Amino acid sequence: MKITFCCTDTKAEPWLAGLRAALPAAQVDLWQPGAPPADHAVVWAPPQQFFDEQTQLKGVFNIGAGVDALLKLRLPPQATVVRLDDAGMSVQMAEYVCHAVIRHFREFDGYEADVKAGKWSYRKPRSRADFAVGVMGLGVLGERVARALQAFEFPVNGWSRSAKTIEGVRGFAGEAQLADFLAASKVLVNLLPLTPDTRDIMRRETLSKLQPGGYVINVARGAHLVDDDLIALIDSGHLAGATLDVFRTEPLPADHPFWRHPKITITPHTSARTLRDESIAQIAGKIMALERAEPIAGIVDPVRGY
Ligand code: NDP
Ligand code: OXD
C-alpha cells in the first residue's frame, strides 16, 4: 500500500516518521510532482496539481477538521474524503471557549486594567441566568463545548442542521429556528463548518438578534463573519465585544481594525491545534479500516460540504 503526504505549511519529517511507524507495511512518501499513484493521501491545503496527478486515490485524509479549502479543489470522484474527528481538538476547543466566556462574564479585562492603574475596585456580580450561551454547530467540537459550558452552570442553547438532544442544552434546529436561537442567547459561539449555507451567517441581520450586550466568539472560519457588521454592532453598543480566532485572511492583515479594537480579542487560529501523534494514530487506524472495508467516522459528504 502506498501513502502520499502533501501538507502545506507543515513540517513533513515527523509526520512521515509517525505514519511509517504506525503503518509499517505501507510505503509512505512525501509527494513530489510526477510521483507514482498512491492508494491514500494525507493532506492539508494541497495544490490542484496534486489531485490532477493522484487520480487513483481510495482515501484522502485531511489533517484538520474543516474541509472547506479541500472541497474547493477537483477531487478524484472515487476517493473517500475523511476529516479529523476530534483527535484531541475538542478538549482544546472547550478550554478556549470556556476561557473566553468566563473572561468576559467575570470582567477579567476590566480587573486587569484596574490593577495596572493601581485601583482596588469591585464590579457587581453578573447573573449567570442572564448569560445564556448559544453554540452554533453541535458536532464533534460544538457538543463538547456545550457540555463544558454546562459545568460552569451557564444556560446553554445549541443550533444545528438536524435536531439534537443533548441533556441540559436547549436545542434549536434549521433555518426556521435560527432567529429564536439567537434571541435566546447572549453569547454566541460559532462552531459551524464553512459551507455555502453558513458563509456570512454572522452578519448585521443575525447578530442584531442576540440579546443586548451580546458577545461573539468565532472559532470556526473567518468567512462566517461579516467583519464590518460586527464592528458596527459593537460600536453602536448592541454587542459588548468579541473573541476571534479565525479570519477571512490569515494571517490577519496588519491594517485590519480587529488588531486595535479595544473590545475585540484576537488569537492566531490556535483555538484547537492539530495534534500530530493523535492525528497519526487516528488516520492510520482509519486507513487500515478502509482497507478492510470497515465503516469509519468522519467521512465528508461533498454535497453537504462537511
Ligand atoms: P462537525 O461536522 O462534527 O459538526 C458540524 C456541526 O455544524 C453539526 O452539528 C452540523 O449539524 C452543524 N451544521 C452544519 N451546517 C449547518 C447549517 N447549515 N445549519 C445549522 N447547523 C449546521 O464539525 P466539527 O465540530 O468537527 O468542526 C466544526 C468546525 O470547526 C470545522 O468545520 C472547522 O471549520 C472549525 N475548526 C476550527 C479550528 C480552529 O482552530 N479554529 C480547529 C478545528 C475545527 P448536524 O449535526 O445536523 O449535521
Ligand atoms: C481545522 C483547523 O479545521 O485547524 O482543523 O481549523
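Here is a walk through one helix, one ligand site and two buried residues. Keep in mind that you're looking at a predicted model.

Let's start with helix 3, which runs over residues 89-105. How far apart should its ends be? At 1.5 Å a residue, its 17 residues should span 24 Å, and the end C-alpha atoms are indeed 24 Å apart, so the two values agree. Next, look at what's around this helix. Twelve of its 17 residues are buried, so helix 3 is largely enclosed by the rest of the structure. Here "buried" means a relative accessible area under 20%. Among those buried residues are M89, S90, Y96, A100, H104 and F105. And what do the buried residues of helix 3 pack against? Their partners are strand 6 (133-136), helix 5 (140-151), strand 9 (187-190), strand 10 (214-218) and strand 11 (239-244). Once you step just past the end of helix 3, you meet E107, which takes a positive phi of about 60°.

Now hop over to ligand 2. Which residues sit around it? They are G64, A65, G66, M89, R221 and H269. You've already met M89 as one of the buried residues of helix 3. Sorted by class, this shell has two nonpolar, three polar and one charged residues. Three contacts are worth finding on your screen. An oxygen atom of ligand 2 is 2.7 Å from a polar backbone atom of G66. With R221, it's the side chain that takes part: one of its N or O atoms is 2.7 Å from an oxygen atom of the ligand. The side chain of H269 likewise has an N or O atom 2.7 Å from an oxygen atom of ligand 2. On its own, ligand 2 has 210 Å² of accessible area, and the protein covers 85% of that.

Back to strand 11, where you'll find T243. Is T243 buried or exposed? Its relative accessible area is 6%, so T243 is buried. Leaving out residues up to four places away in sequence, T243 touches Y96, A100, Y215, V216, I217, N218 and T265. Two of those names should ring a bell: Y96 and A100 are among the buried residues of helix 3.

Finally, try I231, in helix 8 (residues 227-235). At 13% relative accessibility, I231 counts as buried too. Again leaving out residues up to four places away in sequence, I231 touches P257, F258, H261 and I264. Have a look at K263 as well: it's 32 residues from I231 along the chain, with 9.3 Å between their C-alpha atoms.

Note on methods:
Residues are numbered from 1 along each chain as its sequence is written. Chains are lettered from A and ligands numbered from 1 in the order in which they are written. This is a predicted model: local features need pLDDT of at least 70, side-chain atom pairs count only at pLDDT 80 or more; totals for chains, interfaces and linings use all residues. Side-chain values use heavy atoms; hydrogens and water are left out. Helices (H or I, at least four residues) and strands (E, at least two) are DSSP runs, numbered from the N terminus. The expected span of a helix is 1.5 Å times one less than its number of residues. Buried means under 20% relative accessible area, exposed over 50%, partly exposed in between (1.4 Å probe, protein chains only). Contact means heavy atoms within 4.5 Å. A residue is near a molecule or strand if one of its heavy atoms lies within 4 Å of it. A polar contact is a pair of N or O atoms within 3.5 Å; within protein, one must be able to donate a hydrogen and the other to accept it, and residues adjacent in sequence count only if both atoms are side-chain atoms. Accessible areas come from the Shrake-Rupley method with a 1.4 Å probe; for residues, only the protein chains shown count as cover. Ala, Val, Leu, Ile, Met, Phe, Trp, Tyr, Cys and Pro count as nonpolar, Asp, Glu, Lys and Arg as charged, and the others, Gly among them, as polar.
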